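Dear colleague,

I am passing on the structure that follows, together with some notes on what turned up in it. Please read the notes alongside the coordinates.

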Amino acid sequence: MAVKKGDIKSANVMDAFFKGWSNNFDLFEEMEQKALQAIESQKEWIQATQDQFFQMEENSKKLTTEWKTNVQEILAKNQKELGGQNLSEWTDKLEEIGHKSQTLAFSPGKASLEILSNSHAQFEATFINSLNQQQKNRVELTKSLDSIVEQLKQTQLGALKSFEIPVNTL
């Protein structure tokens with residue numbers, strides 16, 4: 001009867017040991033999920049920044065076009081005072097210069113954001129591949145540990161049986 005209690009204790013010790021290993025794997029998986037969430041937040045931030053940047057560029061171009069329209073209206077109203085000169089070509093050139101200068105001003109920022117977005121996407125893909133490989137390794141390790149733990153349990157049970165005292169000799 002005493003042997004059976006020992007059998008249960010040795011099995012429980014091995015189960016507790018293996019459960020500790022298993023809990024560590026769960027912790028790794030939780031950390032991986034948190035890292036993936038952080039990467040997703042970064043991606044959203046980059047996209048929002050790009051969207052805002054493109055919106056600023058569009059608003060800037062609209063302001064230039066509105067400015068041209070306002071100047072042309074003022075010139076049309078005051079054409080007689082200006083000697084009847086047609087200044088619409090001049091305003092068209094100013095608008096063109098404005099749009100080109102805006103394109104030049106926004107190009108470095110757009111290029112930087114594009115590089116950031118591309119490198120982040122590559123980092124994310126590499127990180128996910130790494131996590132997938134780690135998961136495969138954990139599955140293989142868990143299978144191996146299951147086998148080892150089972151072998152240890154059997155070995156301990158066998159060792160404890162060698163100390164059994166036959167009931168009829170007592």
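**Notes on the model**

Trp 90 counts as partly exposed, because its relative accessibility is 49%, a value that lies between the 20% limit for buried and the 50% limit for exposed residues. This is a predicted model, and the residue in question, Trp 90, is found in helix α2. Although Trp 90 and Lys 68 are 22 residues apart along the chain, their C-alpha atoms are separated by 9.8 Å.

Lys 68 appears again in connection with Glu 95, since the side chains of these two residues are joined by a polar contact of 3.2 Å. Glu 95 lies in helix α2 as well, and with a relative accessible area of 13% it is buried. When residues up to four places away in sequence are not counted, Glu 95 touches Thr 64, Thr 65 and Lys 68.

Seen from the other side of that contact, Thr 64 has its place in helix α1, which covers residues 2-77. Thr 64 has a relative accessibility of 12% and therefore counts as buried, the cut-off being 20%. Its contacts, leaving aside neighbours within four places in sequence, are with Glu 95, Gly 98, His 99 and Gln 102. As general background, an α-helix has 3.6 residues a turn, so residues three or four places apart point the same way.

As for the overall picture, the protein chain has two helices and zero strands. Of the contacts in the chain with a separation of 6 or more, 87% are between residues 24 or more positions apart. Buried residues make up 16% of the 170 residues, and the accessible surface of the protein chain comes to about 12800 Å², with 60% of it belonging to carbon and sulfur atoms.

Helix α2 deserves a separate word. It runs over residues 88-162, and because a span of 111 Å is expected for its 75 residues at 1.5 Å a residue, the 107 Å between its end C-alpha atoms agrees with that expectation. Helix α2 also bends by about 35° at Phe 106, and a proline, Pro 108, follows within four residues.

Finally, on confidence, the mean pLDDT of the protein chain is 80, and 80% of its residues reach 70 or more. Over residues 1-7, however, pLDDT stays under 50, and the model has five contacts for this stretch beyond four places in sequence. Where pLDDT is low, the predicted coordinates should not be read in detail.

With best regards

Methods: Residues numbered from 1 in each chain as written. Heavy atoms only, no water. Expected span 1.5 Å × (residues − 1). Bend = angle between axes of the 7 residues up to and from the residue. Buried < 20%, exposed > 50% of the residue type's maximum accessible area, 1.4 Å probe, protein only. Contact = heavy atoms within 4.5 Å. Areas by Shrake-Rupley, 256 points an atom, 1.4 Å probe, with all protein chains shown as cover. pLDDT = per-residue confidence, 0-100. Polar contact = N/O pair within 3.5 Å; in protein donor to acceptor, adjacent residues only side chain to side chain.
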